[in-house]
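Please open the model in a viewer and keep the selection panel at hand. The tour below proceeds stop by stop, with a selection to make at each.

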Amino acid sequence: MKKLKLIIVICLISMGCISCMSSKSLYTWHNYEDASYVYTKKQTDKTLDKLIKEYKYIISHQKGIRKAVPPGIYAEYAYLLIKMNNKKEGIVMLKKEVELYPESKMFVGRIIKQLEK
Amino acid sequence: MRNLKLLLSLCVICLFFVSCANKKSLTRVSQYPNMYKEKPVSIVIMPPINKTNFVEVKEYFYASMYKVLAEKGYYVFSPYLAMDLFKSESAYDSELFIKGSLKPFRNIIGADLALFTIINKWEKQTLLNKITVNIEYIIRSTRTGEILFNRKGELTISAKSSSGASILDMAVNILTTALTDKIIVARKCNNIVLQDLPEGKYGLNYEKDQNVSVGNKEINLKLN
């Protein structure tokens, strides 16, 4: 009887493990998708502020498997900072993107060069 | 004791189904062999080709593919930056590039892949409590121009209609559908259709997912 109970428990745990095996994300996105969508729909100071907060959160709270900022996030944050006339911090963020993701060098590197002229 | 045996049998059967659910004949490597040969690292999302009457869909849908591709392990160029470039370089209409050379995207952006999407349906039927999206996804190599991945998905999500069908229930259903944004259904469609895409460099199963089974090229799903 005890053995049977143990087998059942093991079966249930195994089922749980199999179904959850691939569910963990590489990155933490928090509410990025919604904030980005709302900003795209309606560009106001309020929606921009919410999106900026999302970038800050994503950059400082990575709990995904890779424990790294998702590709494109530093660059996207930089884009908005530059639009808000914060060129200096924008360039810092662009450089972080290239450092973390060398694949971005051709595109982001060109933007950095233009901004530093 | 009998109940326990029955429960145990059920567990074993469930385990069998869970582990065998993905064992079909089509695999990622058989369907998308050149994704493994080319080993692409980065992807740029092209502005969607909109075949619906809703002009704004193009902008709204565009960024929704970003997260799912990054989670697949690819370097995804920021949608905001890429869109800005497309607009400034008169490359906003993907119709001009879907069959043409993609070399400019390789030489200017450094992208290995370009994802094209064609939005065929983007509908909300409030009275029927239904939202439907129909989207085709085409991934081409910027090096060879070859189509490496092509799938189409039609996803309909209906608010569950209650059996009682009282006026109050109907009103609740209509309200639920009205409040559900089409983008949520589109995101689900992205997740379902792009699920079969082989993993990129940053994915946990990069170069280890060749034998993962894949679904049909065209998917038609109705969810409640």
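In which helix of chain A does Ile111(A) lie? Ile111(A) belongs to helix 6 of chain A. The model toured here is predicted.

**Stop 1: Ile111(A) and its contacts**

Select Ile111(A) and display its contacts. Leaving aside residues up to four places away in sequence, Ile111(A) touches Leu94(A) and Leu81(B). Next, add Ile91(A), which is 20 residues from Ile111(A) along the chain. The C-alpha atoms of Ile111(A) and Ile91(A) are separated by 8.9 Å.

**Stop 2: the second largest pocket**

Keep Ile111(A) selected and add Phe107(A), Gln114(A), Leu81(B) and Asp84(B); these five residues lie nearest the centre of the second largest pocket. The lining of this pocket comprises 14 residues, and the pocket volume is about 350 Å³. Two or more lining residues come from each of helix 4 of chain A, helix 6 (105-116) of chain A and helix 6 (79-88) of chain B. Helix 6 of chain A provides the largest share, 5 residues. Sorted by class, the lining of the second largest pocket has 9 nonpolar, 2 polar and 3 charged residues.

**Stop 3: helix 4 of chain A against helix 6 of chain B**

Now select helix 4 of chain A and helix 6 of chain B. Their axes come within 8 Å and cross at roughly 60°. Helix 4 of chain A and helix 6 of chain B are therefore oblique to each other. On the chain A side, the contact involves Ala75(A), Glu76(A) and Tyr79(A); on the chain B side, these meet Pro79(B), Tyr80(B), Leu81(B) and Asp84(B). This contact has 5 nonpolar, no polar and 2 charged residues.

**Stop 4: helix 4 of chain A against helix 5 of chain A**

Hide chain B and select residues 73-83 and 87-100 of chain A, which are helix 4 and helix 5. How do these two helices run relative to each other, roughly parallel or roughly antiparallel? The axes of helix 4 and helix 5 of chain A come within 8 Å and cross at roughly 165°. That angle makes helix 4 of chain A roughly antiparallel to helix 5 of chain A, since angles over 145 degrees count as such. Helix 4 of chain A passes helix 5 of chain A in a left-handed crossing.

Show the side chains at this contact. From helix 4 of chain A come Ile73(A), Tyr74(A), Ala75(A), Tyr77(A), Ala78(A), Leu81(A) and Ile82(A). They meet Lys87(A), Glu89(A), Gly90(A), Met93(A), Leu94(A), Lys96(A), Glu97(A) and Leu100(A) of helix 5 of chain A. By class, the contact has 10 nonpolar, 1 polar and 4 charged residues.

**Stop 5: helix 3 of chain A against helix 4 of chain A**

Retain helix 4 of chain A and add helix 3 of chain A, residues 45-60. The two helices pack at an angle of about 145°, and their axes are 10 Å apart. Their crossing is left-handed. Helix 3 of chain A contributes Leu48(A), Leu51(A), Ile52(A), Tyr55(A), Lys56(A), Ile58(A) and Ile59(A) to the contact, while helix 4 of chain A contributes Ile73(A), Tyr74(A), Glu76(A), Tyr77(A) and Leu80(A). The contact divides into 10 nonpolar, no polar and 2 charged residues.

**Stop 6: the cavities**

Restore chain B. How many cavities of 30 Å³ or more does the structure hold? There are 3.

For the largest cavity, of about 110 Å³, select Glu33(A), Ser36(A), Tyr37(A), Ala63(B) and Ser64(B), the closest to its centre of the 13 residues that line it. At least two lining residues each are supplied by helix 2 (32-41) of chain A and by helix 4 (57-62), helix 5 (66-71) and helix 9 (182-194) of chain B. Helix 2 of chain A gives the largest share, 5 residues. The lining of the largest cavity has 6 nonpolar, 3 polar and 4 charged residues.

Finally, turn to the second largest cavity, with a volume of about 70 Å³. Select Met35(B), Tyr36(B), Lys39(B), Pro40(B), Tyr74(B), Pro198(B), Glu199(B), Tyr206(B), Glu207(B) and Asp209(B), which line the second largest cavity. By class, these are 6 nonpolar, no polar and 4 charged residues.

How values were computed
Residues are numbered from 1 along each chain as its sequence is written. Chains are lettered from A and ligands numbered from 1 in the order in which they are written. This is a predicted model: local features need pLDDT of at least 70, side-chain atom pairs count only at pLDDT 80 or more; totals for chains, interfaces and linings use all residues. Side-chain values use heavy atoms; hydrogens and water are left out. Axes are lines fitted to C-alpha atoms, for helices over the stretch in contact, and angles run from 0 to 180 degrees between N-to-C directions. Helices (H or I, at least four residues) and strands (E, at least two) are DSSP runs, numbered from the N terminus. Angles under 35 degrees count as roughly parallel, over 145 as roughly antiparallel, 65 to 115 as roughly perpendicular and the rest as oblique. A crossing is left-handed if the near helix is turned anticlockwise from the far one by less than a right angle, and right-handed if clockwise. Contact means heavy atoms within 4.5 Å. Ala, Val, Leu, Ile, Met, Phe, Trp, Tyr, Cys and Pro count as nonpolar, Asp, Glu, Lys and Arg as charged, and the others, Gly among them, as polar. On a 1 Å grid over the protein atoms alone, a cavity is a set of points where a 1.4 Å probe fits but cannot get out, and a pocket is an open set with protein on both sides within 12 Å along at least five of seven lines; lining residues have an atom within 4 Å of a point. Grid points are joined across faces, edges and corners, and a volume is the space filled by probe spheres set on the points.
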